[in-house]
Amino acid sequence: MSVEVGGIVVHQEHLDASDQAELVEQVRRVVRAAPLYRPETRTGRKLSVRMTSAGTFGWISDRSGYRYDREHPDGMAWPPMPPLALDVWRSVANVPRDPQSCLINFYDANAKMGMHQDRDEADFEMPVVSISLGDDARFRVGGPERGGKTESLWLKSGDVAVMGGAARMNFHGIDKIRAGSSSLLPNGGRINLTLRVVD
């Protein structure tokens, strides 16, 4: 079943339980090769999520600003993209290109992601595809300008959101994690994968 929140299409329960478990294993392989780290903003404030990436490019946030880079902050190339994440992209993105970057964010019970736009990519005609694994997260969506009315929806494990078309540049964020709502991750928390075409 698909629903919309702020023009963003959410394919609910797109991944069944076995696919979710397999994708978690594929993410673990990425993390072993390119460990999670806590990015910081230009002002030196640490983000509450921990992050890594897979694919050709990874997204970096540090005192130099926001950008895509071919290397992990520790200097290694990013590992290959999880194959199941690539399958998800091909099933929902409806564009001729494959993603070049898979950002992997880990949210513990207290982590949040402030309202933001995904605007470091070159071609805004290409969607951003977001996969949720683990605990529920309240996804908040506004419009293309900061401020104003927002809508929210609880994303559950296995849900896939497609940010494309007129909603591609809408502000969005995660403002609450419902701790313990999923048994997928033994120690709790939420994994979010976002797939993007970069250049």
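**Pairings, burial and ring contacts in a predicted model**

Reader: Which residue stands opposite Ala137 in β12?

Author: Ile177 stands opposite Ala137 in β12. This is a predicted model. For Arg138, the bridge partner in β12 is Lys176.

Reader: How do you know that strand β9 and strand β12 are paired?

Author: Pairing requires at least two bridges found by DSSP. Strand β9 (residues 136-141) and strand β12 (residues 172-178) are joined by six bridges. The count meets the requirement, so the two strands pair. They run antiparallel.

Reader: What makes β7 and β12 a pair?

Author: Two bridges link β7 and β12 in the antiparallel sense. The requirement is at least two, so these strands also count as paired. His116 has His172 as its bridge partner in β12.

Reader: In what order do the strands of the open sheet stand?

Author: The order is β7-β12-β9-β10, four strands with antiparallel pairing. β7 (113-116) and β10 (151-155) each have a single partner strand, so each has one side without a neighbour in the sheet, and they stand at the edges. On average, neighbouring strands of this sheet are turned by 25 degrees against each other, direction ignored.

Reader: How do you know that β3 pairs with strand β6?

Author: Six bridges join β3 to strand β6 (residues 101-107). At least two are needed, so the pairing holds. The two strands run antiparallel, and Ala54 has Cys102 as its bridge partner in β6.

Reader: Why is strand β3 called mostly covered?

Author: Of the six residues in strand β3 (residues 50-55), five are buried.

Reader: Is Asn105 buried or exposed, and what is the value?

Author: Asn105 has a relative accessible area of 6%. Buried means under 20%, so Asn105 is buried. Asn105 is part of strand β6. Not counting residues up to four places away in sequence, Asn105 touches Val49, Arg50, Met51, Met113, Arg190, Ile191 and Asn192.

Reader: Why is Glu4 placed in its class, buried or exposed?

Author: Glu4 has 57% relative accessibility. The cut-off for exposed is over 50%, so Glu4 counts as exposed. Glu4 lies in strand β1 (residues 2-5). Its C-alpha atom is separated by 15 Å from that of Gly173, and the two residues are 169 apart along the chain.

Reader: What makes Arg42 count as lying over the face of Tyr66?

Author: Arg42 is at 4.7 Å from the ring centre of Tyr66. The distance limit is within 6 Å, so this value passes. There is also an angular limit, within 35 degrees of the ring normal. Arg42 is listed as lying over the face, so the angular limit is satisfied as well.

Reader: How does Arg190 stand to Tyr107?

Author: Arg190 lies over the face of Tyr107, at 5.1 Å from the ring centre. That too is within 6 Å, so the distance limit is met.

Reader: Which residues of helix α2 are buried, and what do they pack against?

Author: The buried residues of helix α2 (residues 83-92) are Leu84, Ala85, Leu86, Val88, Trp89 and Val92. They pack against β2 (8-11), α1 (17-33), β8 (128-134), β11 (160-163) and β13 (190-196). After α2 comes Asn94, with a positive phi near 60 degrees.

Terms used. Residues are numbered from 1 along each chain as its sequence is written. This is a predicted model: local features need pLDDT of at least 70, side-chain atom pairs count only at pLDDT 80 or more; totals for chains, interfaces and linings use all residues. Side-chain values use heavy atoms; hydrogens and water are left out. Buried means under 20% relative accessible area, exposed over 50%, partly exposed in between (1.4 Å probe, protein chains only). Axes are lines fitted to C-alpha atoms, for helices over the stretch in contact, and angles run from 0 to 180 degrees between N-to-C directions. Contact means heavy atoms within 4.5 Å.
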